[in-house]
Amino acid sequence: RDNLVRAAAVGAVDVVVAVLRQSHAPASAALAEQAAGALWNLCAHKNNQALCGERGGIEELVRSLRVHCSAPNAVAEVVCGALVSATANSPANHRRCGEAGGVDAAVETLRHSQHEGVVRQACCVLWNISADVEIRASCAPAGAVGELLRVLRDFAESPVVVESVCGALGNLTVQNETNQQPVSYTHLTLP
């Protein structure tokens with residue numbers, strides 16, 4: 001924890017966000033992976049998490065996810081993991097992520113990947129940010145509920161993915177009739 005505080009004191013969050021801004025070309029997947037990995041670790045400390053949001057890190061992570069959602073599995077997994085870390089228990093960062101298109105980016109990642117780690121992290125992004133009531137409303141048009149149900153069916157044998165899907169569905173459907181309807185009327189068959 002001391003190293004996380006020291007890193008913030010010398011401007012590590014700003015530098016890593018600046019590096020992430022340079023990684024939005026498809027050829028920069030390795031750079032995006034490393035920068036996102038650094039933010040994932042830095043955001044384990046709440047002060048760095050707040051700095052990440054204030055310095056545009058959330059928006060850069062969402063942009064990176066859009067570019068790299070179908071990149072090699074490690075890239076999308078690390079970018080999603082960084083978003084999970086940056087949005088954990090942070091209402092301000094939930095909103096930033098939602099406003100930057102985080103719902104659409106996470107759903108698109110779910111559509112492109114069949115890798116357990118990527119799918120789990122993308123579900124966790126939805127789980128975190130859908131704690132915000134306003135973000136829940138943007139989940140239906142993005143197809144989040146239907147995609148989560150598909151993931152639940154496809155990954156029924158993976159306890160970590162099932163947990164993440166159920167967490168996301170729980171947040172998405174609480175006090176939101178639009179998101180509850182597809183769940184109520186979809187016949188889901190698990191293996």
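User: Which is serine 113, buried or exposed?
Analyst: Happy to start here: serine 113 has a relative accessible area of 5%. The model is predicted, with local features needing pLDDT of at least 70 and side-chain atom pairs pLDDT 80 or more, while totals for chains, interfaces and linings use all residues. Buried means under 20% relative accessible area, exposed over 50% and partly exposed in between, using a 1.4 Å probe and protein chains only. Serine 113 is therefore buried.

User: Where in the fold is serine 113, and which residues does it contact beyond its neighbours within four places in sequence?
Analyst: Residues are numbered from 1 along each chain as its sequence is written, and side-chain values use heavy atoms, leaving out hydrogens and water. Serine 113 sits in the loop between α8 (102–112) and α9 (116–129); helices are DSSP runs of H or I with at least four residues, numbered from the N terminus. With contact meaning heavy atoms within 4.5 Å, the residues touched by serine 113 are Asn73, Val118 and Val119.

User: Which residue's backbone nitrogen lies 3.0 Å from a polar atom of the serine 113 side chain?
Analyst: Here we look at the polar side-chain atom of serine 113 and a backbone nitrogen 3.0 Å away. That nitrogen belongs to histidine 115.

User: What end-to-end distance does helix α3 reach?
Analyst: Helix α3 covers residues 29–42, 14 in number. The expected span is 1.5 Å times one less than the number of residues, which for this helix gives 20 Å. From first C-alpha to last, α3 comes close to that, reaching 20 Å.

User: Which residues of α3 are buried?
Analyst: Not every residue of this helix is hidden: leucine 31 in α3 is partly exposed at 36%. The buried ones are Ala29, Ala32, Ala35, Ala36, Gly37, Leu39 and Leu42.

User: What is the C-alpha to C-alpha distance between leucine 31 and valine 19?
Analyst: Apart from neighbours within four places in sequence, leucine 31 is in contact with Val19, Gln22 and Ser23. Leucine 31 and valine 19 are 12 residues apart in sequence. In space, their C-alpha atoms are separated by 7.9 Å.

User: What is the phi of asparagine 89, and why does it catch the eye?
Analyst: Asparagine 89 belongs to the loop between α6 (73–87) and α7 (91–99), and it counts as exposed at 77% relative accessibility. It catches the eye because most residues other than glycine have a negative phi. In asparagine 89 the value is positive, near 55 degrees.

Note on methods:
Helices (H or I, at least four residues) and strands (E, at least two) are DSSP runs, numbered from the N terminus. A polar contact is a pair of N or O atoms within 3.5 Å; within protein, one must be able to donate a hydrogen and the other to accept it, and residues adjacent in sequence count only if both atoms are side-chain atoms.
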